[in-house]
Amino acid sequence: MGQLIAGPFAGQLLGQFGAEIIKIEAPTTGDPLRVWRELDEDGTSPWFRSIGRNKKSVAIDLRQLEGRELVKKLAVKCDVILENFKPGTLEKWSLGPSDLHPYNPDLIFTRVSGYGQTGPLGPRPGFASVCEADSGFRYINGFPDGGGGLAGPPVRPNISLGDSSAGLHAAFGTVLALLQRQKRKSQGSKKGGATVDVSIVESMLNMMEGIIPEYDRKGTIRGPSGSSVTGIVPTNAYPCLPDVTSGSNPSYVVIGGNGDSIYKRLMKTIDREDLTGPKFERNIQRVKHQRLIEDAISAWTSKRSVDEVIAEMNQAGVPVGRVATVKEVVESEQLNARGAIQDVEVHSKDPSGEKKEWTVKMSGTFPVLDGVDSRPKWAGPDLGAHTEEILRQELGLQTHELARLRREGIIA
């Protein structure tokens, strides 16, 4: 019952590893993500074809009582309800834990929201952008002003990272709840159901490393660090000669030379062994000379192409990677060798109603797990593609009942 990113991403992850995912959508519009960003020839977002993979689309109007009753009947036959509505929405529809556990006490509710189901901010709506700010994540992303604060607005990664992080936590929490239920049952407990309460803010907090304990013990408020990371030297993005094929501005590589032995090999490769020795032996010492070290590396890379830098770093055993565009990602020999980029068939109709078929590239299944086929079974389906199949198989509805529900706009 999730929409947009956080809930659907959790469903995508679970569906990739074999879970049967029934996606409930509004009959007329479906998930808003269907028409976000770039649209394909049928008017549907290729992004939806990816995040909706391996799911069965069932179009039911939750605004109507009979629609909610259909969802209730489906829900009590399932193992998990996954939703990312504003807290209280399911309860308003009489679809919350207290409403459904009497019919299926083993039902697991995985609930994704901005701030969690409890607390003073729980009732607030929360998008990833806002929650990333509240988590402290946005404050550490940007360029420093020289005094440890932000020089201008924080820089946002051009993805909804908070949503994806929350979706990952939701999938992980769902699996933990299923294992917990299994253990309880093996011990003779009658309690099987549980609620997995996922907050976008807390999901981002889980990724904030040592920021909170460092503040608590040392009073340090970590600020932005541009393209490097505070307290680790050298690791940064370094300019190279422009790409001759595009004539663009300088291309960049990321070099991770912060391991002590790696650092020595890096300095030898760029002919700056004067920056080794006792004053540069350990990371804690190199931090004091960050600007000097970074400038030396930049001076060397800026006279070479990306390919030349990568070749010399690889030869020296220094971690390095190009700052790749999506075109370079899709063409990556490494990723394609591992099946990380997949071509998936789409069966749809163009605006005139004519049937069309094409393929869309999308990421594969991660992590790689023995015995699991990494290929998506099907792309995100057209709206309501499985409504009749699911309502017949799971609820036993007959043709005349389905026809009436369609006429009344309850299903599609």
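Trainee: Is Val-175 buried, partly exposed or exposed, and what is its relative accessible area?
Mentor: This is a predicted model, and in it Val-175 has its place in helix H7, which covers residues 161-186. Buried would require under 20% relative accessible area and exposed over 50%. Because the value for Val-175 falls in between, the residue counts as partly exposed, with a relative accessible area of 38%.

Trainee: Which residues form a nonpolar patch on the surface, and about how much accessible area do they have together?
Mentor: Val-175, the residue of helix H7, belongs to this patch. The patch is formed by Phe-172, Val-175, Leu-176 and Leu-179, and their accessible area together is about 380 Å².

Trainee: Which helix supplies the largest share of the largest nonpolar core?
Mentor: The largest nonpolar core has 24 residues, and those with the most contacts inside it are Met-1 and Ile-60. Helix H3 (65-75), helix H16 (387-395) and helix H17 (399-407) each supply at least two residues of this core. The largest share, 4 residues, comes from H3.

Trainee: Which residues does Met-1 touch, leaving out those up to four places away in sequence?
Mentor: Met-1 is one of the residues with the most contacts inside the largest nonpolar core. When residues up to four places away in sequence are not counted, Met-1 touches Ile-24, Leu-62, Val-71, Ile-81, Leu-82, Glu-83, Asn-84, Phe-85, Leu-90 and Leu-95.

Trainee: How many residues are in the other core, the one that lies apart from it?
Mentor: Phe-280, Trp-300, Val-306 and Ala-316 are among the residues of this other core. The core that they belong to has 22 residues.

Trainee: Is the aromatic pair of Trp-36 and Trp-47 stacked, tilted or edge-to-face?
Mentor: A search of the whole structure finds 2 aromatic pairs, and in the one formed by Trp-36 and Trp-47 the rings are 6.3 Å apart, centre to centre. The pair links distant parts of the chain, 11 residues apart, with Trp-36 in the loop between strand E1 (21-25) and helix H2 (46-51) and Trp-47 in helix H2. Planes under 30 degrees apart count as stacked and over 60 as edge-to-face, and with 50° between the planes the pair of Trp-36 and Trp-47 is tilted.

Trainee: What angle lies between the planes of Phe-85 and Trp-93?
Mentor: Phe-85 is buried, and so is Trp-93. Their rings are 5.2 Å apart, centre to centre, and they form an aromatic pair that is edge-to-face, with an angle between the planes of 80°.

Trainee: Where in the chain do Arg-49 and Asp-382 lie, and how many residues apart are they?
Mentor: A search of the whole structure finds 29 salt bridges, and the side chains of Arg-49 and Asp-382 meet in a salt bridge of 3.0 Å, N to O. Arg-49 is buried, with a relative accessible area of 2%, whereas Asp-382 is partly exposed, with a relative accessible area of 27%. Arg-49 lies in helix H2 and Asp-382 in the loop between strand E10 (355-363) and H16, so that the pair links distant parts of the chain, 333 residues apart.Trainee: Which residues are linked with Asp-260 in a network of salt bridges?
Mentor: The side chains of Asp-260 and Arg-282 meet in a salt bridge of 3.5 Å, N to O; Asp-260 lies in helix H10 (residues 260-269) and Arg-282 in the loop between H10 and helix H11 (283-286), so the pair ties together parts that are 22 residues apart in sequence. Glu-281 forms a salt bridge with Lys-264, the closest N and O atoms being 2.9 Å apart. The network links Asp-260 with Lys-264, Glu-281, Arg-282 and Arg-286.

Trainee: What distance separates the C-alpha atoms of Gly-317 and Arg-265?
Mentor: Gly-317 lies in the loop between helix H13 (306-316) and strand E8 (320-322), and at 37% relative accessibility Gly-317 counts as partly exposed. Not counting residues up to four places away in sequence, Gly-317 touches Ile-262 and Arg-265. Gly-317 and Arg-265 are 52 residues apart along the chain, and their C-alpha atoms are separated by 7.6 Å.

Methods
Residues numbered from 1 in each chain as written. Predicted model: local features only at pLDDT ≥ 70, side-chain atom pairs only at ≥ 80, totals over all residues. Heavy atoms only, no water. Patch = residues over 30% accessible without salt bridge, like charges linked within 9 Å, V, L, I, M, F, W, Y side chains within 5 Å. Areas by Shrake-Rupley, 256 points an atom, 1.4 Å probe, with all protein chains shown as cover. Salt bridge = Lys/Arg side-chain N within 4 Å of Asp/Glu carboxyl O. Buried < 20%, exposed > 50% of the residue type's maximum accessible area, 1.4 Å probe, protein only. Core = buried A, V, L, I, M, F, W, Y, C linked by side-chain atoms within 4.5 Å. Contact = heavy atoms within 4.5 Å. Phe/Tyr/Trp six-rings, centres within 6.5 Å; stacked < 30°, edge-to-face > 60°.
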